[in-house]
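Me: I'd like a close look at one part of this protein: the place where the ligand sits. Could you walk me through what surrounds it, and then take in a few residues elsewhere?

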Amino acid sequence: METSTQICVGVTFNILSNDSILGKGFYQLTQSKVLKSGEFHFPVFVDEVVNSLVINPDGIYLDATVGGGGHSKAILQRLSPKGRVIGIDLDDEALEYAKQGLREFQNQVILRKGNFKFLREILEAEGIDSVDGVLFDLGVSSHQLDTDYRGFSYLRDGPLDMRMNREQKKGAFHVVNSYSFSELKRIFLQYGEERHAAKIARAIIHARTRQQIDSTLKLAEVIRSCIPASYVNKTLSRIFQAIRIEVNEELTNLRLALEEAVEVLKPAGRLVVISYHSLEDRIVKIFFRENSKIPTSLTGLPIDEYDSKSNQQRIRLKLITKKPITPSDEQKRYNIRIRSAKMRICERL
Ligand SMILES: C[S@@+](CC[C@H](N)C(=O)[O-])C[C@H]1O[C@@H](n2cnc3c(N)ncnc32)[C@H](O)[C@@H]1O
């Protein structure tokens with residue numbers, strides 16, 4: 001097995017170039033662009049985001065997942081000196097990094113710690129009641145995934161944590177060590193779409209009667225011990241994803257936040273969402289569809305009623321992308337995280 005040493009987010013570590021141990025994605029990462037020291041996250045679809053979001057250079061834009069500030073910076077570069085960006089994140093480390101990276105725009109940026117499900121309240125606290133565009137770049141940042149003490153990755157030894165907001169009480173340790181068999185099975189099925197859900201839940205319950213499962217690698221070992229070797233990498237990422245979604249209530253937050261985003265958008269304002277797995281994308285797709293057409297329960301009505309003002313008012317969005325934007329081969333080569341990304345755009349009516 002070959003090893004290579006690379007610098008990632010200020011930390012030197014060894015990357016094992018063995019597909020079967022680290023998974024294909026990680027192996028490819030060693031061959032494509034890698035984070036250099038001090039880099040936080042490679043934003044995806046940057047041009048696509050800026051081109052579709054910035055409809056008014058003097059406008060106000062909400063980056064609901066500011067992360068390392070990559071998208072925010074690109075948006076600010078497109079704005080006039082009058083334009084502004086409000087950046088929200090749950091993660092203090094992200095906000096600190098974004099603050100440094102966006103220093104040159106300090107008079108045009110407001111960064112706030114908060115959950116995007118409360119985005120209206122966060123904007124109101126800044127005296128803003130409507131915006132020209134809202135961006136959600138969902139999921140985790142490269143920094144969160146690549147930092148061992150955050151406990152997001154089955155490839156790195158760290159505490160079972162996975163909290164985006166490190167002030168939150170519930171972390172992955174609680175889920176793994178306290179949830180019942182049926183609760184674990186439910187989240188593995190619902191959030192991981194994992195067919196070995198019951199087997200893995202049972203193995204966790206069994207393992208933790210002997211000793212608490214308190215690290216990412218111990219959890220990975222329990223999972224490895226009960227499933228066929230050929231499924232290991234996919235299963236590990238599904239189970240870790242499921243626990244992460246549960247810890248951070250990601251799907252509930254997304255549903256609530258989309259509703260809030262539509263409420264704060266000005267007419268012709270744009271809503272852009274980038275998702276990284278089918279559960280998120282399904283929520284976005286259905287939300288966009290439901291808000292861009294008359295509810296199916298009403299479409300059987302006579303034309304007068306069908307066209308009545310109140311029914312028309314239910315339509316709040318116009319779809320800009322009928323099908324999601326997906327990465328080109330070139331983009332996939334350049335940025336490993338983009339492989340599963342889907343971007344959907346709509347416009348406020
Ligand atoms: C993919 S990263 C965003 C990267 C960013 N676009 C950039 O250019 O660096 C997703 C970010 O969303 C944040 N996040 C996830 N759920 C959130 C929520 N409910 N409220 C606020 N931020 C959230 C995460 O902490 C993470 O920093």
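Reply: Let's settle one term to begin with: a residue counts as near the ligand if one of its heavy atoms lies within 4 Å of it. Keep in mind that this is a predicted model.

By that rule, 24 residues surround the ligand. The closest are His71, Asp89, Phe116, Asp137 and Gln144. If you sort the shell by chemistry, you get 13 polar residues, eight nonpolar ones and three charged ones.

Now for the polar contacts. Asp89, already on the list of closest residues, has a side-chain N or O atom 2.7 Å from an oxygen atom of the ligand. Gly70 joins in through its backbone, where a polar atom is 3.1 Å from a ligand oxygen. Leu90 also uses a polar backbone atom, this time 3.4 Å from a nitrogen atom of the ligand. As for how covered the ligand is, on its own it has 610 Å² of accessible area, and the protein covers 98% of that. The space that the ligand takes up is the largest cavity.

On to the loop between helix H7 (142–146) and helix H8 (172–178), where you'll find Ser153. Buried means under 20% relative accessible area, so Ser153, at 10%, counts as buried. A polar atom of the Ser153 side chain lies 3.0 Å from the backbone nitrogen of Leu155.

Met162 is in the loop between H7 and H8 too. Its relative accessibility is 0%, so Met162 is buried as well. The backbone of Met162 is worth a look: phi is near 70°, a positive value in a residue that isn't glycine. For context, most residues other than glycine have a negative phi.

Glu193 has a positive phi as well, about 45°, and again it is not a glycine. You'll find Glu193 in the loop between helix H9 (181–192) and helix H10 (197–210). With a relative accessible area of 41%, Glu193 falls between the 20% and 50% cut-offs, so it is partly exposed.

One last stop is Arg238, which belongs to helix H12 (residues 232–248). Its relative accessible area is 29%, so Arg238 is partly exposed. Along the chain, Arg238 and Gly192 are 46 residues apart, yet their C-alpha atoms are separated by 4.6 Å.

Notes
Residues are numbered from 1 along each chain as its sequence is written. This is a predicted model: local features need pLDDT of at least 70, side-chain atom pairs count only at pLDDT 80 or more; totals for chains, interfaces and linings use all residues. Side-chain values use heavy atoms; hydrogens and water are left out. A polar contact is a pair of N or O atoms within 3.5 Å; within protein, one must be able to donate a hydrogen and the other to accept it, and residues adjacent in sequence count only if both atoms are side-chain atoms. Accessible areas come from the Shrake-Rupley method with a 1.4 Å probe; for residues, only the protein chains shown count as cover. On a 1 Å grid over the protein atoms alone, a cavity is a set of points where a 1.4 Å probe fits but cannot get out, and a pocket is an open set with protein on both sides within 12 Å along at least five of seven lines; lining residues have an atom within 4 Å of a point. A molecule sits in a cavity or pocket if more than half of its atoms lie within 2 Å of its grid points. Ala, Val, Leu, Ile, Met, Phe, Trp, Tyr, Cys and Pro count as nonpolar, Asp, Glu, Lys and Arg as charged, and the others, Gly among them, as polar. Helices (H or I, at least four residues) and strands (E, at least two) are DSSP runs, numbered from the N terminus. Buried means under 20% relative accessible area, exposed over 50%, partly exposed in between (1.4 Å probe, protein chains only).
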